[in-house]
There are 2 protein chains.
Amino acid sequence: MNESTVTEEKILQAARLEFEKKGYNGTRMQVIADVAGISKASLHYHFRSKDNLFQRIFNDALNDYIPLVNTWKDDSLSWEEKVNRFTADLLEFVQKGTMLFIIREINRNPDLLSERIKKAKSNNSLVTYFEELNNTGQIRQTDPRLLYIFLQSICCFPAINNQMFRKVLRLTDRQYNELMEGYARAAASFIIHAIKK
Amino acid sequence: MNESTVTEEKILQAARLEFEKKGYNGTRMQVIADVAGISKASLHYHFRSKDNLFQRIFNDALNDYIPLVNTWKDDSLSWEEKVNRFTADLLEFVQKGTMLFIIREINRNPDLLSERIKKAKSNNSLVTYFEELNNTGQIRQTDPRLLYIFLQSICCFPAINNQMFRKVLRLTDRQYNELMEGYARAAASFIIHAIKK
DNA sequence: AATTGGTTTGACCAAATGGTCAAATGCAAA
DNA sequence: TTTGCATTTGACCATTTGGTCAAACCAATT
């Protein structure tokens with residue numbers, strides 16, 4: 001890893017931190033430079049502009065997220081086990097705090113998604129999978145698209161809304177962490193009960 | 001309604017629009033003034049500062065949201081009917097787009113919630129209600145706090161993440177609206193199946 | 001008509017902010 | 001040692017932005 005790559009790595013790390021915490025509009029190039037331990041001029045040398053740097057960070061985030069939704073085929077697990085694995089995987093990702101970042105920025109500028117989705121695989125594999133379960137009568141008849149939304153909602157929302165949940169439920173950080181400890185399992189169980197015959 | 005109140009109403013409406021769409025950091029006082037059809041100086045005459053105006057808008061939003069969670073006692077509906085009403089009420093609110101605003105700003109500055117929650121009623125009425133259902137064995141044993149999170153997630157997340165859902169599910173605006181038409185009922189049904197014995 | 005008091009505004013200000021540039025620095029090859 | 005090239009940086013710039021202020025405006029009262 002040459003010297004330039006090291007600097008750029010430091011920049012990307014700092015930028016990820018700042019953009020995810022403060023959002024595009026709340027982020028200052030000077031702060032990114034400070035956190036990375038370099039000058040603002042150097043920052044602009046490596047990444048031409050704020051938009052440029054942001055694009056990079058945002059795409060990296062999407063790249064971490066999008067593949068998560070495609071873990072439904074290519075193995076012999078039962079659908080219950082697949083739900084278990086999906087909630088576990090998604091919750092682990094979502095806990096990093098990247099989800100609110102993605103949603104916030106997509107909402108600021110919907111075009112951020114448009115290009116990306118166009119070149120994605122043909123169809124949502126979760127939807128296809130549950131359509132099949134529906135057709136073969138293995139689950140209670142449910143619109144697979146709604147199922148997709150329910151799963152995503154239950155997994156993603158707690159991480160996005162944790163400040164509110166913490167306070168409304170009057171939990172200390174410790175108590176909240178304890179509660180979320182078993183969240184993936186509880187969520188999977190909730191979902192499975194909701195759709196099994 | 002005197003002349004001054006009219007102006008302030010115009011300002012509040014414009015400010016709500018801007019703050020909800022762009023967030024605190026993305027909002028410009030000049031734009032609020034333009035949308036309200038007055039000068040920036042006049043805007044500052046009525047609301048001392050950006051923070052001041054924002055506080056007002058944010059508190060109004062919270063005031064619309066918080067009471068929604070307390071519709072669980074004081075009537076003779078069955079718990080299934082209460083779930084139905086809750087999802088319907090919450091979804092109606094959430095459709096207005098205020099939810100992402102609230103979450104985004106709380107995340108920017110967690111203190112926005114702290115003061116408010118302290119002077120709220122003693123305990124979350126949904127949690128109390130489902131605790132009772134648990135104790136009297138009317139539903140499948142489930143941590144009522146998790147239940148609270150599940151309900152909120154299923155109702156709130158679609159409105160927050162609609163850009164993503166729309167595109168990932170490859171739906172036109174028309175198709176998406178059709179899908180969301182029956183969302184409240186489908187969500188309630190999903191939840192009821194998940195916890196009934 | 002003159003006075004008064006609330007309201008509105010154009011002009012202006014200071015600070016913040018993304019971005020540029022020429023000069024300096026360091027380092028490897030010749 | 002010198003040359004050449006990538007990297008770094010302090011100084012600087014133009015624009016944006018929240019906020020101020022004195023002067024103008026206007027409706028009601030005297």
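Q: A polar contact is a pair of N or O atoms within 3.5 Å; within protein, one atom must be able to donate a hydrogen and the other to accept it, and residues adjacent in sequence count only if both atoms are side-chain atoms. How does one know that S42(B) makes such a contact with a phosphate oxygen of DNA strand C?
A: An N or O atom in the side chain of S42(B) is 3.4 Å from a phosphate oxygen of DNA strand C, and the limit is 3.5 Å, so the pair qualifies. This is a predicted model, in which local features need pLDDT of at least 70 and side-chain atom pairs count only at pLDDT 80 or more, while totals for chains, interfaces and linings use all residues. Residues are numbered from 1 along each chain as its sequence is written, chains are lettered from A and ligands numbered from 1 in the order in which they are written, and side-chain values use heavy atoms, with hydrogens and water left out.

Q: Which atoms of T27(A) and R28(A) approach phosphate oxygens of DNA strand C?
A: For T27(A) it is a polar backbone atom, 3.3 Å away. For R28(A) it is a polar side-chain atom, at 2.5 Å.

Q: What makes a residue part of the surface near DNA strand C, and which come nearest?
A: One of its heavy atoms must lie within 4 Å of the strand. There are 16 residues around the strand, and R28(A), K40(A), K50(A), A41(B) and H46(B) come nearest. Sugar and phosphate account for 54% of the atoms of DNA strand C within 4 Å of the protein. By class, the surface has five nonpolar residues (Ala, Val, Leu, Ile, Met, Phe, Trp, Tyr, Cys, Pro), three charged (Asp, Glu, Lys, Arg) and eight polar (the others, Gly among them).

Q: Which helix gives the most to that surface?
A: Helix α3(B) does, with four residues. At least two residues each come from α3 (40-46) of chain A and from α1 (3-26) and α3 (40-46) of chain B.

Q: Why is the pair of Y24(A) and F54(A) called edge-to-face?
A: Rings of Phe, Tyr and Trp (its six-membered ring) pair if their centres lie within 6.5 Å; planes under 30 degrees apart count as stacked, over 60 as edge-to-face and the rest as tilted. The centres are 5.1 Å apart and the planes stand at 80°, so both conditions are met. Y24(A) lies in helix α1 (residues 3-26) and F54(A) in helix α4 (residues 50-65) of chain A, so the pair ties together parts 30 residues apart in sequence.

Q: What makes the pair of F54(B) and F58(B) stacked?
A: The planes are 20° apart and the centres 5.9 Å apart, values that satisfy the stacked class. Because the two residues are four apart in helix α4 (residues 50-65) of chain B, about one helical turn separates them.

Q: How does one know whether F54(B) and F58(B) are buried or exposed?
A: Buried means under 20% relative accessible area, exposed over 50%, and partly exposed in between (1.4 Å probe, protein chains only). F54(B) has 3% and F58(B) has 0%, so both are buried.

Q: Why is R108(A) said to sit over the ring of F54(A)?
A: CZ of Arg, or NZ of Lys, must be within 6 Å of the ring centre and within 35 degrees of the ring normal. The charged end of R108(A) sits over the ring of F54(A) at 5.1 Å from its centre. K50(B) lies over the face of Y24(B), at 4.4 Å from the ring centre.
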